[in-house]
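Open your viewer, put the model on screen, and let's walk through it together. Keep the selection tool handy, since each stop begins with something to pick.

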Amino acid sequence: MTDMADQQHDPASLEPVGLVLGSEPTTTQEFRVVLGEDQYLQLDDLVVVKTPVPKVGEVTTYGIVTETFARYEGTAFESDTRRVAIEGTLPAEKSRTATIQIVRVMPEIWIAPDSGGDVYRAAGIERERAMYVDEMRTGARDRALPVGLTRDGEPVWVDVDFFDGTKGAHMSISGVSGVATKTSYALFFLRCLTSHPEILGPSARNLRVLIFNVKGEDLLFLDKPNNQFNDEAAEMWSKLGMEPGPFPSVSFWAPTQEEGIPKSSARVEGVSAFRWTPREFVDDRLLSFLFTDTQDTRQQLTFVAERVIRQLERFAHDVDGVPGAIVLRPPQDGTDPSRPVVAYGGERVIKNLYDLVEGIGEFLEPEDGDEGDFAWTGRVAGGTVAAFMRRLRGSLGRVGRLVAAGPSRRIDRAREAVTVVDIHDLHEAAQRFAVGALISEVHREKEGKGRFPLSVIVLDELNKYAPREGWSPIKDTLVDMAQRGRSLGVILIGAQQSASRIEPDVLANAALRVSGRLDAAEAERAEYGWMLPSTRARARLLKPGTMVLSQPSIPAPTMLTFPYPPWATRPEEVAEDSDPFEGI
Amino acid sequence: MRIAVQAWSPEYGGEVEMGRLEASVEQVKTDCETSTWAPVAPRYSGGLLDAPVAFVDGTRRIDARLFVSNGRSAPVAGLAGSVGAGSVVCTPPNGEAHGRAEIDELRIQRVLAVGGGTAVALNGAGGLSYRSLPVPGESVEELTYAVHDTMRNLEAQLAQELADQGSLVFVDGPLAVMRPGPQRIVGFIKAHHRRYLEADEEAVLGRLGCGERTPLFSFGEPRPRYSWYVRLCELADGDHDWHGLVRCEAPAALELDDVVSLADVSAILLVRFASLPYWDKRAPQNLVPVAGLERRLRHLLGDRDLVFRMIRDSAARTSEPSAVGT
């Protein structure tokens with residue numbers, strides 16, 4: 001008691017909230033508190049109880065409220081409630097209790113707390129100990145990053161060691177679409193990361209974030225202040241030690257509509273058009289991302305694609321005067337592959353995906369009806385070659401506009417700290433193509449270059465890219481990224497409706513797990529084993545803006561809320577600068 | 001031939017112990033309120049019906065049977081008994097406000113009743129202390145009465161304190177051990193072992209409807225009391241005529257008009273507090289607040305086995321070898 005007083009508590013915490021229940025045994029996992037008449041505990045509240053232990057001294061037990069109860073003690077029949085509460089004929093004591101899940105004991109002497117012990121609300125330093133913040137701060141090294149607020153308005157911390165690759169990496173966010181606010185939380189988390197360079201240390205330097213805008217247009221205004229942002233939200237931000245404001249450094253990219261003009265309906269200015277030239281298509285081996293359907297492996301299409309990719313690399317030559325375009329010439333022709341060539345008369349100059357597909361077709365399905373070139377087809381059956389070509393031609397309409405000759409319009413991820421790629425308007429196959437192309441680019445870039453600077457990739461609808469069943473080149477990249485990303489410095493923030501539909505390897509490697517509202521059946525699945533039974537039950541009821549967070553440093557999940565964003569998420573929310581035409 | 005089953009659970013005896021229904025030895029006056037004996041429907045409509053009402057009840061338990069010897073003469077029998085008495089104050093619902101039943105007082109006493117006038121106390125482990133209660137006789141029955149009287153005295157004391165504060169008090173059992181002045185204390189008796197009325201008057205008992213009472217009668221020297229019967233429930237097919245009757249007593253020191261009011265009030269209130277057959281094994285006479293109080297009191301007497309062990313332990317520790325044995 002005395003040392004608690006020394007540690008500057010608010011007076012409320014000096015008064016016990018109740019006693020450790022003695023009518024049933026306490027354990028090292030769980031105990032119950034009988035609440036004092038003028039006290040209360042709510043879910044997620046943190047409590048502390050001290051137990052004198054023979055030969056050891058005092059052991060401090062920290063716990064979190066997982067359930068609360070109230071009843072009339074001494075009543076036997078349900079109708080007794082009426083006798084007690086309304087008729088006033090039966091005397092009964094109102095008894096209120098709370099179940100506490102133990103999260104920590106200090107020192108580590110695993111004993112059940114004594115019955116009848118005084119239970120206090122954990123506040124100040126005791127609260128930080130209950131949340132293991134003292135372990136996240138060793139000496140001058142502070143790795144405790146505030147990433148949300150508890151119901152009582154106090155910060156929740158994450159051990160950044162488990163995000164930046166020091167001890168673990170990656171974050172997985174699950175929840176029902178619309179109410180789980182998965183993307184909102186991912187963005188908020190990113191803002192926390194970028195706002196605290198003192199905690200992030202070397203990880204903060206040149207940190208690059210790649211975000212795909214998969215649905216709607218809500219990510220296209222990250223750099224604009226939100227006109228709905230109010231003082232109340234601002235206060236929450238300042239509680240977290242952050243200056244509320246839009247993202248300071250963002251570049252926006254949308255697929256090319258016409259030459260140099262991005263196709264982006266919501267936002268017109270400040271968006272760059274992106275696409276790949278045929279040369280980049282060949283060099284980056286992007287053909288494989290036209291075969292991202294998990295069915296493709298079974299049909300041997302990916303095998304053919306591998307052969308074709310290799311052949312393209314050998315055959316492709318730049319064309320003099322047509323930047324980004326290529327011609328396909330056999331390497332044994334003796335042309336120097338590093339120098340642009342002048343196209344022969346009638347030679348096919350490949351300026352777009354259509355040209356490329358037709359060029360490939362010449363090798364796989366020669367006009368004379370002969371069998372295709374074995375070097376290109378790998379001697380697969382004729383039907384497989386035909387299926388391959390059918391798929392290629394089929395992708396023209398969907399992916400075609402992402403490939404064209406001309407000046408390079410690759411996405412420049414180095415331009416700003418945050419790169420938002422808007423693919424929501426694209427067909428699903430084209431979305432997969434763009435995502436595959438970009439994440440493999442990040443992956444390739446970091447290979448063998450050390451962890452720093454860190455690259456963070458935010459990918460919604462992860463189940464499309466790393467599904468539980470089947471194989472695809474994107475899934476392959478994501479699995480590798482999940483497994484080795486810690487050392488590569490590539491961190492994945494994946495979001496999905498149901499974690500159960502994600503490749504287990506990807507999920508298992510995520511050190512941080514976050515969940516918003518879950519479908520009732522989904523919440524019961526093994527993928528949410530990190531939740532307490534009470535958390536699972538509540539996961540069905542979570543309101544937008546409330547999430548459950550699990551991290552390796554804390555043995556119990558933490559419920560948190562996060563503040564309203566200071567950046568706009570819709571065109572209507574954009575707080576415009578003063579109108580230059582005002583007063584005219 | 002008609003068979004009627006007594007409603008109480010058999011382990012509690014019967015509400016009417018016909019076999020033991022003894023002829024009254026007392027002088028009973030049956031014309032103090034009226035000489036025409038017929039069921040009375042209560043007419044009272046005053047403030048007592050909306051005021052808080054207190055119920056007093058007690059409980060007792062024999063914790064251990066002992067022999068006490070001083071090493072010189074033959075050992076005498078003793079009983080370690082725990083008694084408790086308490087009160088519930090019931091505030092009736094009033095308009096928007098819900099009613100409340102609150103336990104007001106809880107008193108526990110532990111006594112060591114030892115025959116032959118032997119005074120011996122037991123200061124037990126864990127704060128369990130039995131004060132001495134010397135009993136002149138030596139039979140176990142006398143010892144049991146002594147423990148029982150301790151409870152009755154505790155109840156009486158509590159009832160009188162509450163009545164002094166102006167409450168209307170219902171106390172479990174007859175007013176025999178009390179010497180009440182003009183206080184509003186009503187004793188209520190759940191089971192009927194004695195006959196107070198002649199056959200003609202007694203016939204009225206069978207005709208009482210739910211919430212009706214008999215006219216007043218009085219008896220008792222040297223502690224005169226008024227008395228009346230109240231029916232607490234409707235009779236169903238198969239019930240015997242005396243089912244659901246309680247007998248009430250009020251101090252003779254009260255004015256007759258006040259006793260008439262009290263009798264009316266009791267007929268109205270006791271029905272309100274009567275228990276239901278599924279709820280209590282002694283329904284309807286075991287009143288709901290009293291049953292709740294009794295449960296709490298019994299709980300406070302402590303765990304029977306634990307108490308027994310503690311008595312053994314402290315007997316072993318405080319005695320000369322083989323002086324006290326359980």
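Two strands count as paired here if DSSP finds at least two bridges between them. Keep in mind along the way that this is a predicted model.

**Stop 1: a strand pair.** Select residues 57-73 of chain A, which form strand β4, together with residues 93-106, which form strand β5. The two pair in the antiparallel sense over 13 bridges. For a landmark, pick A:Tyr62 and look across to β5(A), where A:Arg104 stands opposite.

**Stop 2: the barrel.** Now add the other strands around that pair. Six strands of chain A close into a barrel, and going round you meet them in the order β1-β2-β5-β4-β3-β6, with antiparallel pairing. From one strand to the next, the twist averages 40 degrees.

**Stop 3: all of chain A.** Zoom out. The C-alpha atoms fill a box of roughly 105 × 70 × 55 Å along the principal axes, and the secondary structure comes to 19 helices and 23 strands. Of the 584 residues in chain A, 54% are buried. Switch on a surface for this chain and you have about 25,300 Å² exposed, with carbon and sulfur atoms supplying 49% of it.

**Stop 4: an enclosed strand.** Select residues 250-258 of chain A, strand β13. Seven of its nine residues are buried, so the strand is largely enclosed by the rest of the structure. Which strands run parallel to β13(A)? One is β18 (residues 418-422), joined to it by four bridges; there A:Ser251 has A:Thr419 as its bridge partner. Another is β15 (residues 271-274), also joined by four bridges, where A:Phe252 is matched with A:Val271. Strand β14 (residues 261-262) runs antiparallel to β13(A), with two bridges, and A:Glu258 partners A:Ile261 there.

**Stop 5: the nonpolar cores.** Show side chains for A:Phe212, A:Leu287, A:Ile360, A:Leu364, A:Phe388, A:Phe433 and A:Leu478, which have the most contacts inside the largest nonpolar core, a set of 79 residues. Helix α14 (residues 428-446) of chain A gives the most to this core, with eight residues. Centre on A:Leu364: beyond its neighbours within four places in sequence, its contacts include A:Val304, A:Trp376 and A:Met389. Apart from this core lies another, of 70 residues, among them A:Val158, A:Ile173, A:Val456 and A:Leu512.

**Stop 6: a helix in chain B.** Finish on residues 256-273 of chain B, helix α3, which has 18 residues and reaches 25 Å from first C-alpha to last, close to the 26 Å expected. Its buried residues include B:Val259, B:Leu262, B:Asp264 and B:Phe273.

Terms used
Residues numbered from 1 in each chain as written. Chains lettered and ligands numbered in written order. Predicted model: local features only at pLDDT ≥ 70, side-chain atom pairs only at ≥ 80, totals over all residues. Heavy atoms only, no water. Expected span 1.5 Å × (residues − 1). Buried < 20%, exposed > 50% of the residue type's maximum accessible area, 1.4 Å probe, protein only. Axes fitted to C-alpha atoms, helices over the stretch in contact; angles between N-to-C directions. Areas by Shrake-Rupley, 256 points an atom, 1.4 Å probe, with all protein chains shown as cover. Core = buried A, V, L, I, M, F, W, Y, C linked by side-chain atoms within 4.5 Å. Contact = heavy atoms within 4.5 Å.
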